[in-house]
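Please open the model in your viewer and keep the sequence panel beside it. The tour below proposes a series of selections and says what to look for at each one.

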Amino acid sequence: MKDRYKNRSLVLVILISIVSLTFIFKLLSLQVFNNKYETLAQKIALKKINLYPNRGLIYDRNNKLLVYNKAIYDILVVPRLIKDLDTTLLLSIVDMDKATFLKKMEKASKGLHYYGSNEFVKQLSAEQYALFLENNWKFKGFYGETRTIRNYTNTGAAH
């Protein structure tokens, strides 16, 4: 009787070993060798916000202002967060046509860009940005970002 079940136990041990090795190999490939899911998880869990520093003012030797900072406003989009978007209102605020909007949204929705922040509109005026912020609750998935650029008091050469 013992000899009869000896082969079955050997087959069972081999089968369990193969399944265990398969699971171990798959876990190693997912967690150690492949970083695709780590990158995806970081894009979903972390919101990257760029903080642009203000640069210093530049004066000439007579203490006259030559270069100063001017605030500009950008709108960014996270495609996976978009819900119930009022497209007509958004397009009227940012002065954009429907074809350009669809092209920008298609570009933002491809691959890993779907989970991260994508540039939607650059350098809005203060009035447009104020309108955007007033109606921001209607644009889930869109948010504003402020940064500064250099501006010159004279129209001549910078140097």
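A residue is called buried when its relative accessible area is under 20%, exposed when that area is over 50%, and partly exposed in between, with a 1.4 Å probe and protein chains only. What you have loaded is a predicted model, in which local features need pLDDT of at least 70 and side-chain atom pairs count only at pLDDT 80 or more, while totals for chains, interfaces and linings use all residues. Residues are numbered from 1 along each chain as its sequence is written, and side-chain values use heavy atoms, with hydrogens and water left out.

Begin with Asp95, which is exposed because its relative accessible area is 62%. Asp95 lies in the loop between α3 and α4 (98–108); helices here are DSSP runs of H or I with at least four residues, strands are runs of E with at least two, and both are numbered from the N terminus. The phi of Asp95 is near 55°, a positive value in a residue other than glycine. If you add Gln128 to the selection, 33 residues away along the chain, you will find its C-alpha atom 9.0 Å from that of Asp95.

Gln128 leads to the next stop, the pair formed by helix α3 (residues 87–94) and helix α5 (residues 126–134), whose axes come within 9 Å and cross at roughly 160°. Such axes are lines fitted to C-alpha atoms, for helices over the stretch in contact, and the angles run from 0 to 180 degrees between N-to-C directions. Because angles under 35 degrees count as roughly parallel, over 145 as roughly antiparallel, 65 to 115 as roughly perpendicular and the rest as oblique, α3 is roughly antiparallel to α5. Select Leu90, Ile93 and Val94 of α3 together with Gln128, Leu131 and Phe132 of α5, and you have the residues that make the contact, where contact means heavy atoms within 4.5 Å. Five of these residues are nonpolar, one is polar and none is charged, with Ala, Val, Leu, Ile, Met, Phe, Trp, Tyr, Cys and Pro taken as nonpolar, Asp, Glu, Lys and Arg as charged, and the others, Gly among them, as polar.

While still on helix α3, select Thr87, which counts as buried at 18% relative accessibility. Leaving aside residues up to four places away in sequence, Thr87 touches Lys98 and Phe101. Move next to Asp84, in the loop between β2 and α3, which counts as exposed at 77% relative accessibility and has a positive phi of about 45° although it is not a glycine.

Finally, colour strand β2 (residues 65–77) and look for its partners, bearing in mind that two strands pair if DSSP finds at least two bridges between them. Strand β1 (residues 58–59) runs antiparallel to β2 and is joined to it by two bridges, with Ile58 having Val67 as its bridge partner. In the hairpin of β1 and β2, which has five residues between the strands, Asn63 takes a positive phi near 65°. Eleven bridges join β2 to the antiparallel strand β4 (residues 142–152), and there Asn69 has Arg150 as its bridge partner. Four bridges join β2 to strand β3 (residues 118–124), again antiparallel, and Ile75 stands opposite Val121 in β3.
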